[in-house]
Amino acid sequence: MKDTKFAVAVHILTHAASSEEAVTSEYLANTINTNPSHIRKIMAMLKKAGLTDSINGRHGISLSRSAEKISFWDIFLAVEEDSEALKVSVYQKPGEEFIRCVKIRDELNSYLSGINEDVRAKLESTSLADFIAAADKR
């Protein structure tokens, strides 16, 4: 099963950025056909990361700063357990007597690390506002 936390977090923040009213977990759950408790779990992660605020006296959330100042990297770090976008395990202990296996492992680690750096750069350069503008053009 694929992890949807990042996609759901973007969905939550997009609605919060686009709404003048507080956005509730019940409303958001209905928009993507999921359980409100799943939404609340992700909302808690976003709040802990400082991306959202609760609104006193009302249910729901709002952005803690403008959508222009929230990057996709900020969102990713809020909901993911570590900062590697591509989580692929490479065997750690190839037979040292098989030098080619060691070289393959080291090259594969380097390759995957480069992919993660590229993903991070793309996420850092994309703001929530950029995403909303692109989605609105569709």
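Helices and strands here are DSSP runs, with at least four residues for a helix and at least two for a strand, numbered from the N terminus. Counted that way, this predicted model has six helices and two strands. Walking along the chain from the N terminus, you meet the elements in the order α-α-α-β-β-α-α-α.

**The whole protein**

The protein has 138 residues, and 33% of them are buried. Look also at the contacts between residues at least 6 apart in sequence: 58% of these join residues at least 24 apart.

**The nonpolar core**

Let's go inside. The largest nonpolar core has 28 residues, and Ile-12, Leu-46, Ile-75 and Leu-128 are those with the most contacts inside it. At least two core residues come from each of these elements: helix H1 (5-18), helix H2 (25-32), helix H3 (36-48), strand E2 (61-63), helix H4 (72-79) and helix H6 (128-137).

Leu-128 is a good residue to click on. Not counting residues up to four places away in sequence, Leu-128 touches Val-10, Leu-13, Thr-14, Ala-17, Leu-63, Ala-67, Ile-70, Phe-72 and Ile-75.

**How H1 meets H3**

Two packed helices can be described by the angle between their axes and by the distance between those axes. For H1 and H3, the angle is about 80 degrees and the axes are 10 Å apart. Angles from 65 to 115 degrees count as roughly perpendicular, so H1 and H3 are roughly perpendicular to each other.

Which residues in H1 and H3 meet? On the H1 side they are Lys-5, Val-8, Ala-9, Ile-12 and Leu-13, and on the H3 side His-38, Ile-39, Ile-42, Met-43, Met-45 and Leu-46. The residues of this contact divide into nine nonpolar, one polar and one charged.

**Four residues to look at**

The table gives the place and relative accessibility of four residues. A residue is buried under 20%, exposed over 50%, and partly exposed in between.

| Residue | Place | Relative accessibility |
|---|---|---|
| Ser-25 | helix H2 | 5%, buried |
| Glu-80 | loop between H4 and helix H5 (99-124) | 16%, buried |
| Arg-40 | helix H3 | 42%, partly exposed |
| Asn-33 | loop between H2 and H3 | 73%, exposed |

Start with Ser-25 and Arg-40. Their side chains are joined by a polar contact of 3.0 Å. Leaving aside neighbours within four places in sequence, Ser-25 is in contact with Pro-36, Ile-39, Arg-40 and Met-43. With the same neighbours set aside for Arg-40, its contacts are Ser-25 and Glu-26. Arg-40 and Ala-29 are 11 residues apart in sequence, and their C-alpha atoms are 9.2 Å apart in space.

Is Glu-80 buried or exposed? Glu-80 is buried, because its relative accessible area is 16%. Now find Phe-6, which is 74 residues away from Glu-80 along the chain; the C-alpha atoms of the two are separated by 7.5 Å.

Finally, turn to the backbone. Most residues other than glycine have a negative phi. What is the phi of Asn-33 near? The phi of Asn-33 is near 55 degrees, which is a positive value in a residue other than glycine. Asn-33 sits in the loop between H2 and H3, and it counts as exposed because its relative accessibility is 73%.

Technical notes: Residues are numbered from 1 along each chain as its sequence is written. This is a predicted model: local features need pLDDT of at least 70, side-chain atom pairs count only at pLDDT 80 or more; totals for chains, interfaces and linings use all residues. Side-chain values use heavy atoms; hydrogens and water are left out. A nonpolar core is a set of buried Ala, Val, Leu, Ile, Met, Phe, Trp, Tyr and Cys residues joined through side-chain atoms within 4.5 Å. Buried means under 20% relative accessible area, exposed over 50%, partly exposed in between (1.4 Å probe, protein chains only). Contact means heavy atoms within 4.5 Å. Axes are lines fitted to C-alpha atoms, for helices over the stretch in contact, and angles run from 0 to 180 degrees between N-to-C directions. Angles under 35 degrees count as roughly parallel, over 145 as roughly antiparallel, 65 to 115 as roughly perpendicular and the rest as oblique. Ala, Val, Leu, Ile, Met, Phe, Trp, Tyr, Cys and Pro count as nonpolar, Asp, Glu, Lys and Arg as charged, and the others, Gly among them, as polar. A polar contact is a pair of N or O atoms within 3.5 Å; within protein, one must be able to donate a hydrogen and the other to accept it, and residues adjacent in sequence count only if both atoms are side-chain atoms.
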